[in-house]
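Grab a pen and work through these exercises with the model open next to you. Each one sets a task and then walks through a solution.

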Amino acid sequence: MSDAELWGAWRLWMGVAAVVVLLAAALLIIIWVMARRILADAVRALNAATAVREQTQAIWGLETTNTVAEDILANVQRIEHGATTLSEALGHKEAMR
């Protein structure tokens, strides 16, 4: 192999190596840019989820409201039953006199 052929082969393989390095660098840059976009989207999604959580926090209080309302209803029904029983008892006494 002559010196000219050796230099030609060396240049060819250096060109191939340069192309491979440039492609690898381009792919790494693309991956880096995509990762930054994913991070930005994740931050936006987290902020949106936080806003939704804050805006719907009152809904969770409805469970407590429902429990208290059920307790009040039960108490009113007991009072009504007692009042009805008392009214009937007093009504029967009036009828006996």
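**Exercise 1. Place R37: is this residue buried or exposed?**

Step 1. R37 has a relative accessible area of 51%. Buried means under 20% relative accessible area, exposed over 50%, and partly exposed in between, using a 1.4 Å probe and protein chains only. So R37 is exposed.

Step 2. Now for its address: R37 lies in helix α1. Helices here are DSSP runs of H or I with at least four residues, strands are runs of E with at least two, and both are numbered from the N terminus.

Step 3. Check how far R37 sits from S2: the two are 35 residues apart along the chain, and their C-alpha atoms are separated by 52 Å.

A word on the ground rules: this is a predicted model, where local features need pLDDT of at least 70, side-chain atom pairs count only at pLDDT 80 or more, and totals for chains, interfaces and linings use all residues. Residues are numbered from 1 along each chain as its sequence is written, and side-chain values use heavy atoms, with hydrogens and water left out.

**Exercise 2. Work out the overall build of the chain: how many helices and strands does it have?**

Step 1. Count them up and you get 2 helices and 0 strands.

Step 2. The radius of gyration, taken over C-alpha atoms, is compared with a globule rule of 2.2 Å times the number of residues to the power 0.38. The chain comes out at 41 Å, well over the 13 Å that the rule gives for 97 residues, so it is more spread out than a compact globule.

Step 3. Box it in: along the principal axes, the C-alpha atoms fill roughly 140 × 20 × 10 Å.

Step 4. Look for buried residues, and you'll find they make up 0% of the 97. The chain exposes about 9000 Å², with carbon and sulfur atoms supplying 70% of that; the areas come from the Shrake-Rupley method with a 1.4 Å probe, and for residues only the protein chains shown count as cover.

**Exercise 3. Find the aromatic pair and say which geometry it has.**

Step 1. The structure holds 1 aromatic pair. The rings of W7 and W10 have centres 5.4 Å apart and planes at 85°, so they sit edge-to-face.

Step 2. Compare with the rule: rings of Phe, Tyr and Trp (its six-membered ring) pair if their centres lie within 6.5 Å, with planes under 30 degrees apart counted as stacked, over 60 as edge-to-face and the rest as tilted.

Step 3. W7 and W10 are 3 residues apart in helix α1 (residues 3–55), so about one helical turn separates them. W7 is partly exposed at 48% relative accessibility, and W10 is partly exposed with a relative accessible area of 48%.

**Exercise 4. Track down the salt bridge: which side chains meet in it?**

Step 1. You need a side-chain nitrogen of Lys or Arg within 4 Å of a carboxyl oxygen of Asp or Glu. The count comes to 1.

Step 2. The partners are R44 and D41, at 2.1 Å from N to O. They are 3 residues apart in helix α1, so about one helical turn lies between them.

Step 3. R44 is exposed at 52%, while D41 is partly exposed at 41%.

**Exercise 5. Describe Q77 and its distance to T65.**

Step 1. Q77 lies in helix α2 (residues 57–96) and is partly exposed, with a relative accessible area of 45%.

Step 2. Q77 and T65 are 12 residues apart in sequence and 18 Å apart in space, C-alpha to C-alpha.
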